[in-house]
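Welcome! Here is a friendly first tour of the structure, with its ligand and its empty spaces as the main stops.

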Amino acid sequence: MQTMSGLFDLTGRVALVTGSSRGIGNALARGLADAGATVVLNGINAERLEAARQAAAADYTEGKVHSLAFDVTDATAAAEGIAWVEKNVGPLDVLVNNAGIQHRVPMLDLDVEDWDRVITTNLTSAFLVGREAARHMIPRGQGKIINICSVQTDLARPTIAPYVAAKGGLRNLTRAMTAEWASSGLQINGIAPGYIHTEMTQKLVDDADFNSWILGRTPANRWGTVADLAGPTVWLASQASNFVNGQTIFVDGGMTVVV
Ligand code: NAP
């Protein structure tokens, strides 16, 4: 009989987390490893990635932590990256599309190159890497894809138009993937973090006015931590979520349910 803890157990599963050399992705990879998964870290900066691999490898049993540098916006690199994981680590069970960037400029001053860069990194990448993962998962009749969205999946703010557009698109890409791949045994869901204290948001944490706005705007009255995201990620990566399809779970201290 399946036990409750067994439902969440990821022992023997292989998980790739894009953009996991630091920040949220790194914490999600470690959360998956804590639940038993063998994890593959990813980023572009090879030196930073290797440092992250070494740090994680020291905390887990041998062979549990791998890394592969590739650019998630490059279709060929994405295909080669997934093929490398399948050949050298094992059949991919879990893909977390986490790599993302931010660019803050009022829309009237926004260059199309910067618009494209943010859309490509935050949205097109999930299509490119997700499609390659699904090509391997579908014949096996199982697989989990988790797309890391944002409160900007639902809510806009000034100066971050391409980010808002990309994260809104990512929620509907999650639904589109579900429409095409759920009948093949895949579950594709999103996690939408609230304001999480990482390198990406350090400037905002240091800005006294913004910081006090965040605390007032968040019912939980605090910034999120990367640890807050690990449990929902393990749930969506595990058998415990086998009938959860196409949803985006907001992990935001309640920000998106109040005005
Ligand atoms: P971060 O600390 O800036 O880390 C970004 C990661 O993505 C790094 O590992 C970076 O690799 C990687 N990356 C960027 N472009 C890439 C590319 N083209 N190919 C491969 N890897 C790439 O960011 P974060 O704050 O942890 O955010 C992670 C995700 O969570 C993003 O999707 C973000 O939108 C989302 N999110 C963040 C917050 C928040 O409050 N922080 C809230 C909601 C959603 P390198 O080290 O090589 O640059």
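The briefing below starts with the ligand, then turns to the pocket and the cavities.

Please keep in mind that this is a predicted model. The ligand sits in the largest pocket, and the protein buries 93% of the 920 Å² that the ligand exposes when taken alone. Apart from that pocket, the count gives two cavities of 30 Å³ or more.

**Around the ligand**

- The shell around the ligand has 31 residues, and those that come nearest are Ser21, Ile24, Ile44, Asn45 and Tyr163.
- Sorted by class, this shell holds twelve nonpolar, 15 polar and four charged residues.
- Three elements each supply at least two residues of the shell: helix H2 (23-34), strand E2 (38-43) and helix H6 (161-181).

**Polar contacts of the ligand**

- The side chain of Arg48 has an N or O atom 2.8 Å from an oxygen atom of the ligand.
- Ile196 takes part through its backbone, where an N or O atom lies 2.8 Å from an oxygen atom of the ligand.
- For Val72, a polar backbone atom is 3.0 Å from a nitrogen atom of the ligand.

**The largest pocket**

- This pocket, where the ligand sits, holds about 980 Å³ of space.
- Its lining is made by 43 residues, and Ala99, Gly100, Ile101, Gln102 and Met200 are the closest to the centre of the pocket.
- H2, E2 and H6 are the elements that give two or more residues to the lining of the pocket, and they also each supply at least two residues of the shell around the ligand.
- The largest share of the pocket lining comes from H2, with three residues.
- By class, the pocket lining divides into 18 nonpolar, 18 polar and seven charged residues.

**The largest cavity**

- About 40 Å³ of space lies in the largest cavity.
- The residues that line the largest cavity are Asn97, Asn98, Ala99, Asn122, Ser125, Ala126, Ile148, Lys167 and Leu170.
- Ala99 is a residue to look for twice: it lines the largest cavity, and it is also among the residues closest to the centre of the largest pocket.
- Helix H5 (112-140) and H6 each supply at least two residues of this cavity's lining, with H5 giving the most, three residues.
- The lining of the largest cavity has four nonpolar residues, four polar ones and one charged.

**The second largest cavity**

- The second largest cavity holds about 30 Å³ of space.
- Its lining consists of Asn26, Ala29, Arg30, Ala33, Val39, Leu41, Ala56, Tyr60 and Val65.
- H2 and E2 each supply at least two residues of this lining, and H2 gives the most, with four residues.
- Seven of the lining residues are nonpolar, one is polar and one is charged.

**Elements to follow through the model**

- H2 gives the largest share of the lining of the largest pocket and gives the most to the lining of the second largest cavity.
- E2 supplies at least two residues of the shell around the ligand and at least two of the lining of the second largest cavity.
- H6 supplies at least two residues of the ligand shell and at least two of the lining of the largest cavity.

Definitions and conventions. Residues numbered from 1 in each chain as written. Predicted model: local features only at pLDDT ≥ 70, side-chain atom pairs only at ≥ 80, totals over all residues. Heavy atoms only, no water. Near = heavy atom within 4 Å. Polar contact = N/O pair within 3.5 Å; in protein donor to acceptor, adjacent residues only side chain to side chain. Areas by Shrake-Rupley, 256 points an atom, 1.4 Å probe, with all protein chains shown as cover. 1 Å grid on protein atoms, 1.4 Å probe; cavity = no way out; pocket = protein on both sides within 12 Å on 5 of 7 lines; lining within 4 Å. Sits in = over half its atoms within 2 Å of the grid points. Nonpolar A, V, L, I, M, F, W, Y, C, P; charged D, E, K, R; others polar. Points joined across faces, edges and corners; volume = space filled by probe spheres on them.
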